[in-house]
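Me: Please take a close look at one part of this model. I would like to understand the place where the two chains meet, and what lies around it.

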Amino acid sequence: MHSIPGRRLILSLYLVFLLLPIYWLVNMSFKTNGEIVSTMTLWPHVPTLENYTRIFTDESWYSGYINSLKYVVINTIISISFALPAAYAFSRYRFLGDKHLFFWLLSNRMAPPAVYALPFFNLYSAIGLFDTPWAVALAHCLFNVPLAVWILEGFVSGVPREIDETAFLDGYSFPKFFVKILVPLIASGIGVAAFFCFMFSWVELLLARTLTSVNAKPISAVMTRTVSAAGMDWGLLAAAGVLTIIPGALVIWFVRNYIARGFALGRV
Amino acid sequence: MDKTVNQKAWFLVLPVFLVVAFSAVLPLMTVVNYSIQDTFGNNQFFWNGAGWFKELLDPSSDLGQRFFASLWRNLAFSAIILAIEVPLGIIVALSMPRDGWRVAACLVIMALPLLIPWNVVGTIWQIFGRPDIGLLGYTLNHLGMDYNYVSNEFDAWATVIVMDVWHWTSLVALLCYAGLKSIPDAYYQAAQIDGASRWAVFTAIQLPKLNRVLLIGVLLRFMDSFMIYTEPFVVTGGGPGNSTTFVSIELVKIALGQFDLGKAAALSLVYNLIILIVCWVFYTVMTNAGVDRGHKEGAV
């Protein structure tokens, strides 16, 4: 009943619209540059893996992926482990300034990274973290910690209070309750929050580019510099792009039912 | 939802408070500091009071002109993408298959653009739209349209807007789909008994139920499109001329390009203030939604 006439057609058109540009990128990544520039072909006539081999053998390319993964993983671990207790506190207790604090966290999730680019550059240069994965990981905490708190708060609120009370009556200490009972109960929530921290850190370019120069240069920066350096190696660029899509595409199946919830900060 | 008062809960929140304060308050203080001072270099600063702010908000000055131009451009951009993405998202959500593996497949494909790094989204469209090597640009040019997003303002705008629609419509659709799924079947059965038309079902049952998710969707899309940076930067670099230079791009140009600290700081603060106001509306909506949810759970 909740469908509309012509829905098959509408949906098919929409899905084609979504997939076509991605297909084009994948298509180009398997072409040689000669084929890309000289002819317009809908699929690679001379398929080649050369673009991918270059990325996996050239250190300046594959180190970009490793650098990105480093700060993304550090950031995800920091965000989740800091956010978990806070999410529990916001969900269960009322305390001085709780609402203001919750709003303040949200306002940081919404703050434009462009505002922070310059002060972060100064701050992390001053404390000697510039051009390390730690600088980017800490900088991304700006929006990922609030995100994790908001998402996890939604999941913790879904756990009935009676469970806490029973556990405390049974003589569980708070840390033991937290690790043995609460964390397993909201395991899927932690998975979702971790996924979104990973994703938002992975897709961000501005701060990651500003806070690194040589040693910790992320893949997104490697890609943009190749474009501006007029190398115009389209096949290589396309292959690099395809490889950045893969982490998301791998886990998407497991979080498919939670995507709306994660983007809406656990409020849907 | 009756929470107990417990001041010790602060200890649980403290780590988050510290890490966010370190990465948000400290830099923001630097910005405030820059915004009221001027410098001749060599780290020698002197007091400039509200000078930068006056210049920024004065449309006749060079800085003010750039700020307001990028602000209106950005607001126009946000308005256009909202006007396209919201109705399209609703239509797509209404077109979703009912159940089975097709739902899962649709969800996965729809979520795909949401998870692509923003600079790669830019790269995808940069390639896709090129008249020489991109499918879209090539096709349009062979259909007789003179499409070139590098030199033509209108084409640049169209490309950036279509890119954003491609990137984010799925978010609105997924939110609406979640909202639609929460409508009990009994509502539809009642409508059928009343002999309600398809349109009546939509306006009387579905739309009111979608109210809340739509509000969240609109606010999220507004916020994110208001601070868009990476995608247009990769595709058009803010050009041709300044035609796709949005507020964030302008700010980065002033701050990291020209290293004009005072101007950039004043712009940052005004920018942040606008975001903060919208964010407050967002917060009110979100927390009221939470209260609703609590009532519902309590009633069941």
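Reply: What follows starts at the contact between the chains and works outward.

This is a predicted model, in which local features need pLDDT of at least 70 and side-chain atom pairs count only at pLDDT 80 or more, while totals for chains, interfaces and linings use all residues. Residues are numbered from 1 along each chain as its sequence is written, and chains are lettered from A and ligands numbered from 1 in the order in which they are written.

The interface joins 82 residues of chain A to 82 residues of chain B. Contact here means C-beta atoms, placed from the backbone, within 7 Å. On the chain A side, helix α1 (residues 7-29) of chain A supplies the largest share, 13 residues. Helices (H or I, at least four residues) and strands (E, at least two) are DSSP runs, numbered from the N terminus. The class count for that side of chain A is 66 nonpolar, 11 polar and five charged residues. Nonpolar covers Ala, Val, Leu, Ile, Met, Phe, Trp, Tyr, Cys and Pro; charged covers Asp, Glu, Lys and Arg; the others, Gly among them, are polar.

Strands also link the chains. Strand β1 (residues 93-94) of chain A pairs with strand β1 (residues 4-5) of chain B, in the parallel sense, over two bridges. Pairing requires at least two bridges found by DSSP. Within this pairing, R94(A) sits opposite V5(B).

Now the packing. The largest nonpolar core holds 168 residues. Such a core is a set of buried Ala, Val, Leu, Ile, Met, Phe, Trp, Tyr and Cys residues joined through C-beta atoms within 7 Å. A residue is buried if 20 or more other C-beta atoms lie within 10 Å of its own, exposed if 12 or fewer, and partly exposed in between; C-beta atoms are placed from the backbone. The residues with the most contacts inside the core are A83(A), A86(A), A148(A), V149(A), I151(A), L152(A) and L251(B). Helix α7 (residues 133-157) of chain A gives the most to this core, 17 residues. At least three residues come from each of domain 1 (1-48) and domain 2 (57-263) of chain A. The domain bounds come from an automatic or database domain assignment.

V149(A) shows the packing at residue level. Leaving aside neighbours within four places in sequence, V149(A) contacts A83(A), A86(A), A87(A), F90(A) and L105(A), and also V16(B) from the other chain.

M199(A) is a second example. M199(A) lies in helix α10 (residues 187-203) of chain A. M199(A) is buried because 26 other C-beta atoms lie within 10 Å. Not counting residues up to four places away in sequence, M199(A) touches G248(A) and L115(B). M199(A) and V251(A) are 52 residues apart in sequence, but 10 Å apart in space, C-alpha to C-alpha.

Chain A also has an internal boundary. The C-alpha centres of its domain 1 and domain 2 lie 31 Å apart. Eight residues of domain 1 of chain A contact seven residues of domain 2 of chain A. On the domain 1 side, α1 and α2 (33-38) of chain A each supply at least two residues. The largest share, four residues, comes from α1(A). By class, this side of domain 1 has four nonpolar, three polar and one charged residues.

One loop deserves a look. D131(A) is found between α6 (113-126) and α7 of chain A. Its phi is near 65 degrees, a positive value in a residue other than glycine. Most residues other than glycine have a negative phi. D131(A) is partly exposed because 17 other C-beta atoms lie within 10 Å.

The two chains in outline: chain A has 14 helices and one strand, and chain B has 12 helices and three strands. Of the 268 residues of chain A, 50% count as buried; for the 300 residues of chain B, the figure is 39%.

Finally, confidence. The model scores ipTM 0.85 and pTM 0.86. pLDDT is the predictor's confidence in each residue, from 0 to 100. Its mean over chain B is 84, and 94% of the residues of chain B reach 70 or more. Among the elements of chain B, strand β3 (residues 45-47) has the lowest mean, 73, and helix α3 (residues 62-94) the highest, 92. Over residues 294-300 of chain B, pLDDT stays under 50, and the model has one contact beyond four places in sequence for them.

Methods
Contact = placed C-beta atoms within 7 Å.
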